[in-house]
Amino acid sequence: MPSTTTVPLGTDTAPAAHPWPAVLALAAATFSVVTTEMLPVGLLTSLGTGLHVSAGTAGLAVTLPGLVAAASAPLLPVAARRADRRTVLCALLLLLAAANVLSALAAHITVLLLARALVGVCIGGVWAIAAGLGTRLLPPDRAGRATALIFSGIAVASVLGVPAGTFLGSLAGWRWAFAALAVLAAAVAAALALALPPLPPERPVRLGTFPALLRAPAVSGGLLATALLVTGHFTAYTYVRPVLERVPGLGAGTVSSLLLCYGLAGVVGTFAGGWLASRDPRRALLVIAAGLGTVVLLLIPAAGSLAASTLLLAVWGLVYGAVSVSAQNWLSAAAPGAREAGSALFAGIFNTGIAWGAFTGGRAADALGPTAVLCVGGGLALLALPAVVRAGRPGAEAIRRPDSAGTEVPGAQV
């Protein structure tokens, strides 16, 4: 008889009485952390000048939070395993506000990097906890829409948050951009305190929970597919500007407009992906993997056409916008008895993919040029297809988990 993996069962939470304001507050939280994470991308030159360091050194302000987030995402739910999730989220947003104040006041690169490490803790914690709350705040038939709305904060941060912060930095200086984000984070913390109901942990997350989850084919396969999709995307997208600049007659203003189009398509893709993934997460990931890999590779022969490049970039944004919400729905279906632990692993893998994709793209661009970046990125995305196929259908295998008294009952695939 095969051995049974067990995960401690806690108290499930009924849907909230007024869920949508709570969902909007969670979307504001993801918007805040992602805007803070990516803001230095638009401020690298002024950061380097203000702190008297090279652009490469200033770039650590982008790399460091992602690495810290990848490590902290699975550890923070363990450290706060018995704390109310509303309290934890409010504390993380207040910490984000403090980190942004420290960034605004930094007189040396070491101080800035310390502040950015704190930002990484906030990113990992918010992703790990907030990602799976849609299923606790609303009944199953509306949880997919709630999850899509929570993740929409990520896409909106790329379209509005980072450009707005960059614009403020160009007008008033980079310190004021960080100061504005501090005010935003404090306001979001207040909104979370007012809008969220009490959210005791469904079941305490322990370090032993993660190996148990990874032994489940649907969970490990979903995480592998996520890693390939995110790494492939950031391998190509981090260096998309030199790719677009190959198009004849394409100026800097047109490139910026195309990237805005990409971002707007990403917002649409988040909700479209949430709709499809709430019905069939396996089909959603298969469509995303095939679409993302194909569209990135098609940009190679499209280099001579503005119309073709514009269309492909919009489709790229649409498809990639669906990645995070679809992967989260997959993991919720694969491990409904350990949603927070699954979200923590997802956040860790996602942020690792961001950092590894940027590194891989840089090496490919330096060695072989923009075409190689597209080849590697598209190839990695297509490799997610067999990973999803081999993982099977999430939730298809029934296993058992113990209730609070230690008795095994039918439960989640973990």
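**Group meeting: cavities, rings and pockets**

Hello everyone. Let me open with the second largest cavity: by class, its lining has seven nonpolar residues, one polar residue and no charged ones. Please keep in mind throughout that this is a predicted model.

How many cavities of 30 Å³ or more does a search of the whole structure find? The search gives two. The second largest of them has a volume of about 40 Å³. If you want to find this cavity on the screen, look for T30, V126, W127, A130, A131, I150, F151 and I154, which line it. Two helices, α6 and α8, the latter covering residues 140-172, each supply at least two residues of that lining.

Hold on to W127 from that list, since this tryptophan takes us to the aromatic rings. A pair of aromatic rings is described by the distance of the centres and the angle of the planes. The count of aromatic pairs here comes to eight. In one of them W127 pairs with F350, with the ring centres 4.9 Å apart and 55° between the planes, a tilted arrangement. What does this pair tie together? W127 lies in helix α6, residues 109-130, and F350 in helix α17, residues 339-368, so the contact links parts that are 223 residues apart in sequence. Both partners, W127 and F350, are buried.

F350 has another ring partner to show you. F346 and F350 form an edge-to-face pair, at 5.6 Å centre to centre and 65° between the planes. Why are these two about one helical turn apart? They are four residues apart in helix α17, and that accounts for the separation of about one turn. F346 and F350 are both buried. Put the two pairs together and you have one aromatic cluster, formed by W127, F346 and F350. W127 therefore appears twice in this talk: it belongs to helix α6 in the ring pair, and it is also on the list of residues lining the second largest cavity.

Now to the pockets. About 1600 Å³ of space lies in the largest pocket. Of the 47 residues that line this pocket, the closest to its centre are M38, V41, S158, F234 and Y237. Which helix gives the most to the lining of the largest pocket? That is α8, with ten residues. By class, the lining of the largest pocket has 28 nonpolar, 17 polar and two charged residues.

The second largest pocket has a volume of about 320 Å³. Its lining consists of 14 residues, and T135, P140, A143, N329 and S332 are the closest to its centre. Here α8 turns up again: α8, α13 (252-279) and α16 each supply at least two residues of the lining. By class, the lining of this second largest pocket has eight nonpolar, five polar and one charged residues.

Helix α16 deserves a short stop. Is this helix mostly covered or mostly uncovered? It is mostly covered, with eleven of its twelve residues buried. Among the buried ones are N329 and S332, and these two are also among the residues closest to the centre of the second largest pocket. The helix passes a length check as well: at 1.5 Å a residue, the twelve residues 323-334 should span 16 Å, and the end C-alpha atoms are 16 Å apart, which agrees.

Let me finish with a few individual residues. Side chains of opposite charge can pair when their charged atoms come close. The structure holds one salt bridge. It joins the side chains of D280 and R283, at 3.7 Å from N to O. D280 counts as buried, with a relative accessible area of 13%.

Next, H52, which sits in the loop between α2 (44-51) and α3 (55-58). H52 has a positive phi of about 60° although it is not a glycine. Is H52 buried or exposed? With a relative accessible area of 73%, H52 is exposed.

My last stop is L297, in helix α14, residues 281-298. At 29% relative accessibility, L297 counts as partly exposed. Its C-alpha atom is separated by 8.9 Å from that of V376, a residue 79 positions away along the chain.

That is my tour; thank you for listening.

Key. Residues are numbered from 1 along each chain as its sequence is written. This is a predicted model: local features need pLDDT of at least 70, side-chain atom pairs count only at pLDDT 80 or more; totals for chains, interfaces and linings use all residues. Side-chain values use heavy atoms; hydrogens and water are left out. Rings of Phe, Tyr and Trp (its six-membered ring) pair if their centres lie within 6.5 Å; planes under 30 degrees apart count as stacked, over 60 as edge-to-face and the rest as tilted. Buried means under 20% relative accessible area, exposed over 50%, partly exposed in between (1.4 Å probe, protein chains only). The expected span of a helix is 1.5 Å times one less than its number of residues. On a 1 Å grid over the protein atoms alone, a cavity is a set of points where a 1.4 Å probe fits but cannot get out, and a pocket is an open set with protein on both sides within 12 Å along at least five of seven lines; lining residues have an atom within 4 Å of a point. Grid points are joined across faces, edges and corners, and a volume is the space filled by probe spheres set on the points. Ala, Val, Leu, Ile, Met, Phe, Trp, Tyr, Cys and Pro count as nonpolar, Asp, Glu, Lys and Arg as charged, and the others, Gly among them, as polar. A salt bridge is a side-chain nitrogen of Lys or Arg within 4 Å of a carboxyl oxygen of Asp or Glu.
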